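Colleague: I would like a close look at a single part of this model. Please go slowly enough for a first-year student.

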Amino acid sequence: MSQETVSISQTIKATPAQVWALIGNFHGIMDWFPGVTECRPEGNGVGAIRHLTMADGSVISDRLVVEQPGQSYSYEIAAGEIPMKNYLGTVSVEPNGDGSTLRYHGSFEVTDEQREPATGFIKQIYTGAFENARQLLET
């Protein structure tokens with residue numbers, strides 16, 4: 001197993017408050033993240049869990065581990081069939097001139113044979129989700 005990291009950023013022509021209004025609700029992921037067909041929330045605040053049903057029918061459960069309202073949240077994958085271990089993802093927004101930068105940073109352990117597919121998958125889904133958020137906020 002090796003430790004891997006993935007970072008994605010997207011500049012958005014919207015204020016940090018506008019971006020956070022879209023992406024900041026841990027249980028509101030369906031509002032901006034394509035491929036999530038259902039989100040079943042359990043609890044609120046740090047320790048809350050979101051059970052996500054994906055387009056392929058798989059279910060992944062995320063647990064909120066850090067929350068900085070208006071700025072960022074971090075979560076771990078608590079359950080689900082995924083090719084990685086000890087996953088920790090952070091979604092954040094920060095001012096950038098007249099707009100904002102939306103950022104994702106993830107770290108996880110993965111086997112050598114799963115490294116490229118796993119990192120490629122994470123990059124692909126977050127790039128698509130951030131582009132979707134940009135389109136929602138800029139139109």
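Modeller: Let us take helix H1. Its buried residues pack against S1, S4, S5, S6, S7 and H2. Keep in mind that this is a predicted model.

Start with the helix itself. H1 spans residues 16–23. Its buried residues are Val-19, Trp-20, Leu-22 and Ile-23. They cover an arc of only 160° around the axis, so they sit on the same side of H1. A general rule helps here. An α-helix has 3.6 residues a turn, so residues three or four places apart point the same way. Now turn to the other face. Ala-17 and Ala-21 are exposed, and they lie on the face of H1 turned away from its buried side.

Next, look at what H1 lies on. The helix crosses S1, strand S4 (59–68), strand S5 (72–79), strand S6 (85–96) and S7. Its direction runs at about 150° to that of S6. A second helix, H2 (residues 112–138), also packs on the sheet. H2 touches S1, S5, S6 and S7. The direction of H2 makes about 15° with that of S1.

Now the sheet. It is open and has seven strands. Their order is S1-S7-S6-S5-S4-S3-S2, and the pairing is antiparallel. Strands S1 (2–12) and S2 (36–42) stand at the edges. Each has a single partner strand, so one side of each is left without a neighbour in the sheet. From one strand to the next, the twist averages 20°.

Look at both edges. At one, S1 is joined to strand S7 (residues 99–110) by 11 bridges. Thr-11 has Thr-101 in S7 as its bridge partner. At the other, S2 pairs with strand S3 (residues 49–54) over six bridges, again antiparallel. Pro-41 stands opposite Arg-50 in S3. S2 and S3 form a hairpin, with six residues between them. In that turn, Gly-43 has a positive phi of about 85°.

Finish with the largest pocket. It holds about 500 Å³ of space. The lining has 28 residues. Closest to the pocket's centre are Phe-33, Met-54, Ile-60, Phe-121 and Ile-125. S3, S4, S5 and H2 each supply at least two residues of the lining. H2 gives the most, with eight residues.

Back to H1, then. Val-19, Trp-20, Leu-22 and Ile-23 are its buried residues, while Ala-17 and Ala-21 are exposed.

Technical notes: Residues numbered from 1 in each chain as written. Predicted model: local features only at pLDDT ≥ 70, side-chain atom pairs only at ≥ 80, totals over all residues. Heavy atoms only, no water. Pairing = 2+ DSSP bridges. Helix = DSSP H or I, 4+ residues; strand = E, 2+ residues; numbered from the N terminus. Axes fitted to C-alpha atoms, helices over the stretch in contact; angles between N-to-C directions. Contact = heavy atoms within 4.5 Å. Buried < 20%, exposed > 50% of the residue type's maximum accessible area, 1.4 Å probe, protein only. Arc of directions from axis to C-beta. 1 Å grid on protein atoms, 1.4 Å probe; cavity = no way out; pocket = protein on both sides within 12 Å on 5 of 7 lines; lining within 4 Å. Points joined across faces, edges and corners; volume = space filled by probe spheres on them.
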